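Reader: I keep meeting words like "buried" and "antiparallel" in structure descriptions. Could you show me how such labels are earned?

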Amino acid sequence: MLCEFVEKTTKLDPHRKPGPQIVSLVRATFDVEAAAILDVDLHEVYREGEWFDDLEDVLQSICLFETASDDRETGLIRRVLRIGKLPIGAVLLRGERSVQTANAIASIIAVSFDRYHAFASESRVESARRTEQMRTTVLDSLAHAYKTPLTAIEAASSGLIAMGGLTTAQSELVILIEEQADQLNQLTNRLLTTARLEASDLVLRVERVTLAPLIDDVLASLQEQLAGFQVTATLSRDDLSVRGDRSLLIALLTQYVDNASKYAEAGTNVTIQCVERSNAVVISVRSMGTVIPAADCERIFDRYYRSSVAGSRAPGTGIGLSIAKRAVQAHDGHVWVTSDASGLTTFYASLPHLPEGGAIP
């Protein structure tokens, strides 16, 4: 009977939950009066035959307290389903079966459950990967599609201003068009950067990047946003440099500084610091603003996630910091943020020293 049971369980469809199939096989193969199985991972109970009302509680108790037993008076056989030392469920049988047979049934069921959960987990991971890849492809296509009309809109608005002769109301409308087109252009560039960072064939164009001029370039590009702040940059040495992809490093620092300009209190300091460590260069951007809750610090770099205190302060998409995170991860580095009770918030990026040579995957 055991050989027959093993053969049938190995032929179960891995795409379907094994519980309903196995509980029927147990009852039919071993001719027991009733069978019930608890799958802890799925929080489900499968039963065959007549059972009492509190069956689920009994099964959970068997699993939780690991109470394997054989009760000759009631005919109940209790076994814990284990993978290694980890309880993953319980089985309860009513009928006459030997201890060895009951142990074997429990082991076979546990293996079947574990096989299904492993397959389901792998399928979920692959499905998530494909979904993310499809979403990235769509974003990339849309971003490229937006580029042409945006360029035309910006050229037309600039042309109208250059022609002159506009009334005050007309000038204000053209300026509004330019401002909104510029915002759309920035968002489009972020989507394109995201698509590039998520591409499976991403290769870093590694070169030696001196940080002082890179910081100057970023601050120049954000001059308008930083108009109301005192910005300072300090480096552990004037010629401090890193090996990395310059465009990605610019994207990283731009997101950090732009984020500070959105959420820092007007008139406060924004401090950029670059410090060389034994195995990495740490870049940080510090500003004074709203406290970021600890729970948000855990997720603030996730794509599309926005802090619970961010919505009322400035508009955003939740893309920027995810770009910063992915840019650093592409260099085998990591990011984090701290925010104390006074509102002093610092975003960090640690960039390990990359080996000398050309582009790396």
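Author: Let's go through some labels one at a time, keeping in mind that this is a predicted model.

Reader: Why is Asn189 called partly exposed?

Author: Asn189, which sits in helix 5 (residues 168-198), has a relative accessible area of 32%. Buried would need under 20% and exposed over 50%, so with 32% Asn189 counts as partly exposed.

Reader: OK, next one. What makes helix 1 and helix 2 roughly antiparallel?

Author: The axes of helix 1 (residues 2-10) and helix 2 (residues 18-30) cross at roughly 160° and come within 10 Å. Angles over 145 degrees count as roughly antiparallel, so that label fits helix 1 and helix 2. As for handedness, the crossing is right-handed.

Reader: Which residues of helix 1 and helix 2 meet there?

Author: From helix 1 you have Leu2, Glu4, Phe5, Lys8 and Thr9, and they meet Ile22, Leu25, Val26, Thr29 and Phe30 of helix 2. Sorted by kind, the residues of this contact are 6 nonpolar, 2 polar and 2 charged.

Reader: How do you know that strand 1 is largely enclosed by the rest of the structure?

Author: Count its residues: in strand 1 (residues 34-39), 6 of the 6 are buried, so the strand is largely enclosed. In a regular strand, side chains alternate between the two faces of the sheet. Here both faces are covered, with Ala34, Ala36 and Leu38 buried on one side and Ala35, Ile37 and Asp39 buried on the other.

Reader: What makes strand 1 and strand 2 a pair?

Author: Pairing takes at least two bridges, and strand 1 has 5 of them with strand 2 (residues 44-48), in the antiparallel sense. For instance, Asp39 stands opposite Glu44. The two strands form a hairpin with 4 residues between them, and in the turn His43 has a positive phi of about 55°. Strand 1 also runs antiparallel to strand 5 (residues 86-94), joined by 6 bridges, and there Ala34 has Arg94 as its bridge partner.

Reader: One more: in the open sheet with the order 7-9-10-12-11, why do strand 7 and strand 11 count as edges?

Author: Strand 7 (230-235) and strand 11 (334-339) each have a single partner strand, so one side of each is left without a neighbour in the sheet. Neighbouring strands of this sheet are turned by 15° against each other on average, direction ignored. Within the sheet, strand 9 (residues 269-276) and strand 10 (residues 280-288) run antiparallel, joined by 7 bridges.

Conventions: Residues are numbered from 1 along each chain as its sequence is written. This is a predicted model: local features need pLDDT of at least 70, side-chain atom pairs count only at pLDDT 80 or more; totals for chains, interfaces and linings use all residues. Side-chain values use heavy atoms; hydrogens and water are left out. Buried means under 20% relative accessible area, exposed over 50%, partly exposed in between (1.4 Å probe, protein chains only). Axes are lines fitted to C-alpha atoms, for helices over the stretch in contact, and angles run from 0 to 180 degrees between N-to-C directions. Angles under 35 degrees count as roughly parallel, over 145 as roughly antiparallel, 65 to 115 as roughly perpendicular and the rest as oblique. A crossing is left-handed if the near helix is turned anticlockwise from the far one by less than a right angle, and right-handed if clockwise. Contact means heavy atoms within 4.5 Å. Ala, Val, Leu, Ile, Met, Phe, Trp, Tyr, Cys and Pro count as nonpolar, Asp, Glu, Lys and Arg as charged, and the others, Gly among them, as polar.
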